[in-house]
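Visitor: Please take a close look at one single part of this model with me, and tell me how it sits among its neighbours.

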Amino acid sequence: MERNIIYLWICAFALVHGNQETSQQPPISDKLPSLIKMNNDFAFDLYKRLVAMPEYQSKNIFFSPFSVSMALSELSLGAGGETKEQLLSGIGHNSSVFSTEEMHQMFHSLLEDIDQRTGVDIDVGSALSDKSKPLPKFLDNMKEFYHSDGFIVNFRAAEI
């Protein structure tokens with residue numbers, strides 16, 4: 001009898017940092033559990049939606065929700081208006097818990113922490129359609145917050 005297995009990889013990193021700030025605002029590290037909860041909620045919601053699709057019902061499913069939510073968050077750096085709202089809503093961002101800027105800072109903090117704790121150099125790249133014309137500020141923010149180099153790709157001509 002064939003056995004179908006569904007893989008779900010949820011990356012959650014708990015960080016413990018001393019309170020080194022004296023301002024009224026708690027340090028960004030105090031809000032990391034909220035980002036982790038947002039990512040976990042996003043992961044289970046995405047998983048439920050995937051397994052409900054007929055084409056995936058008897059298939060193995062493996063994805064990195066951390067990578068997906070990080071990519072959508074990264075994309076929100078260059079979006080505005082309703083598009084930005086939909087991206088942030090899709091990953092479960094709640095502005096009453098932390099601001100969009102704080103979210104970007106927390107993703108940056110997580111990537112830095114992974115690098116420091118594991119000694120693993122994380123290289124992130126984001127392929128952008130050759131039809132897009134990203135602003136330099138967007139590319140700078142991608143690099144700053146997500147350690148990501150944006151590069152242009154012609155998806156129609158790309159080999160699979």
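Guide: A residue is called buried at under 20% relative accessible area, exposed at over 50% and partly exposed in between (1.4 Å probe, protein chains only). This is a predicted model, in which local features need pLDDT of at least 70 and side-chain atom pairs pLDDT 80 or more, while totals for chains, interfaces and linings use all residues. Residues are numbered from 1 along each chain as its sequence is written, and side-chain values use heavy atoms, without hydrogens and water.

S64 lies in the loop between α1 (32-52) and α2 (65-76), where helices (H or I, at least four residues) and strands (E, at least two) are DSSP runs numbered from the N terminus. With a relative accessible area of 12%, S64 is buried, and its side chain makes a polar contact of 2.9 Å with the side chain of S67 (N or O atoms within 3.5 Å, one able to donate a hydrogen and the other to accept it; residues adjacent in sequence count only through two side-chain atoms).

Following α2 onward, its axis comes within 10 Å of that of α4 and crosses it at roughly 135 degrees (lines fitted to C-alpha atoms over the stretch in contact, with angles from 0 to 180 degrees between N-to-C directions). The two helices are therefore oblique to each other, being neither under 35 degrees (roughly parallel), nor over 145 (roughly antiparallel), nor 65 to 115 (roughly perpendicular). F66, S69, M70, S73 and S76 of α2 meet M103, H104, F107, L110 and L111 of α4 in this contact (heavy atoms within 4.5 Å).

Helix α2 is also among the elements that cover the buried residues of α5, namely F138, N141, M142, F145 and Y146.
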